[in-house]
Amino acid sequence: MNKRENSFSVLLDDKTIVVHTSNHERTAEEVFAGIAHEIRNPLTAIRGFIQLLKPDLIEIGKAKYVDILMEEIDRTNGLISEYLGCVKPSPKPRKIVSVQKLIADFSFLFESEAIIRNVKFSVNFPNEEIHIKANETQIRQVLFNLVRNAFEAIEEKGFSDGEVKVEISTDPQFACMTVYDNGIGMDEVTSQKMSKTFFTTKENGTGIGLSISRKIIEEHGGRIEVKSQSGVGTSAAIFLPLKEEKDNSQN
Ligand SMILES: Nc1ncnc2c1ncn2[C@@H]1O[C@H](COP(=O)(O)OP(=O)(O)OP(=O)(O)O)[C@@H](O)[C@H]1O
Ligand SMILES: [Mg+2]
């Protein structure tokens, strides 16, 4: 893949990612480590300034915004580590997680984004609690990628009745979290290529979101199923093995 002529290209086979820049050949690990370093520095500064502003923001009743900003900065730092972790594998601890709780904990962020984007956003839960054994940070990361793709697909379609729905359900073996959007949808070529690392149709996309998401879900023993119709919309469903009742171990 060539990003810009003579500046950035990536060679991929099953095991290796080698990045050619204009003057050097670097492994993806080195490139990601460099990016992580450059992003973490300003993030630390931003975090510090928010802390300084906190008393003023509390005074005007915006304490919740401070908490969200801090959480998002910490999550971004965590994500950088996750991306690095995908290149250089390290064990990701898993524990028993309630799917409802996991989604309720951060759907506030999507709700806020939906308001800003003027998109209808809803989450539907079954009454009965669903448990999976998973690395919470990674599953959040996957949901973020899917919901973000949904918002971006609506923006690309450029119409005013955009809607994103997250639906939670189960079958005998799997917990299922499906993200629906009525955005631009995908043509056949895009549907075939969407999960390839670095495949993107967006001007500012990196084409990493879906490939990392698929890898994470498959590592959890699950799968992602995407159905899409060009001009109509897309559904992206995550299937994760249900936590068996008799399995009481946390690891
Ligand atoms: N909900 C969706 N609706 C329409 N197209 C989608 C949707 N989700 C993914 N795609 C298509 O699949 C491509 C790859 O998605 P992916 O999330 O991997 O990368 P990206 O969104 O382009 O960039 P990023 O790495 O920032 O997520 C997108 O560029 C887009 O063409
Ligand atoms: Mg994406």
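**Helix packing around H4, and some ring contacts**

In this predicted model, one face of the story is the meeting of H4 with H6: Gln138, Ile139, Gln141, Val142, Asn145, Leu146 and Asn149 in H4 touch Gly209, Leu210, Ile212, Ser213, Ile216, Ile217 and Glu219 in H6. Sorted by class, the residues of this contact come out as seven nonpolar, six polar and one charged. H4 covers residues 136–157 and H6 covers residues 209–219, and their axes come within 9 Å, crossing at roughly 145°. The crossing of these two helices is left-handed.

H4 also packs with H3, which takes in residues 99–117; here the axes are 11 Å apart and the angle is about 20°. Angles under 35 degrees count as roughly parallel, so H3 and H4 are roughly parallel to each other. H3 passes H4 in a right-handed crossing. On the H3 side, the contact is made by Leu102, Ile103, Asp105, Phe106, Leu109, Phe110, Glu113, Ala114 and Arg117. On the H4 side, the partners are Glu136, Ile139, Arg140, Leu143, Phe144, Val147, Arg148, Phe151, Glu152 and Glu155. The tally for H3 with H4 is 11 nonpolar and eight charged residues, with no polar ones. Ile139 of H4 turns up in both contacts, meeting H6 as well as H3.

Next come the rings. The structure holds four aromatic pairs. Ring pairs tie Phe110, Phe121, Phe144 and Phe151 together into a cluster. Three members of that cluster have already appeared in the helix packing: Phe110 belongs to the H3 side of the contact with H4, while Phe144 and Phe151 belong to the H4 side.

Elsewhere, Arg223 is involved with two phenylalanine rings. Its charged end sits over the ring of Phe174, 5.2 Å from the centre of that ring. Arg223 also lies over the face of Phe239, this time at 4.0 Å from the ring centre.

Key: Residues are numbered from 1 along each chain as its sequence is written. Chains are lettered from A and ligands numbered from 1 in the order in which they are written. This is a predicted model: local features need pLDDT of at least 70, side-chain atom pairs count only at pLDDT 80 or more; totals for chains, interfaces and linings use all residues. Side-chain values use heavy atoms; hydrogens and water are left out. Axes are lines fitted to C-alpha atoms, for helices over the stretch in contact, and angles run from 0 to 180 degrees between N-to-C directions. Helices (H or I, at least four residues) and strands (E, at least two) are DSSP runs, numbered from the N terminus. A crossing is left-handed if the near helix is turned anticlockwise from the far one by less than a right angle, and right-handed if clockwise. Contact means heavy atoms within 4.5 Å. Ala, Val, Leu, Ile, Met, Phe, Trp, Tyr, Cys and Pro count as nonpolar, Asp, Glu, Lys and Arg as charged, and the others, Gly among them, as polar. Rings of Phe, Tyr and Trp (its six-membered ring) pair if their centres lie within 6.5 Å; planes under 30 degrees apart count as stacked, over 60 as edge-to-face and the rest as tilted. A charge sits over a ring if NZ of Lys or CZ of Arg is within 6 Å of the ring centre and within 35 degrees of the ring normal. Angles under 35 degrees count as roughly parallel, over 145 as roughly antiparallel, 65 to 115 as roughly perpendicular and the rest as oblique.
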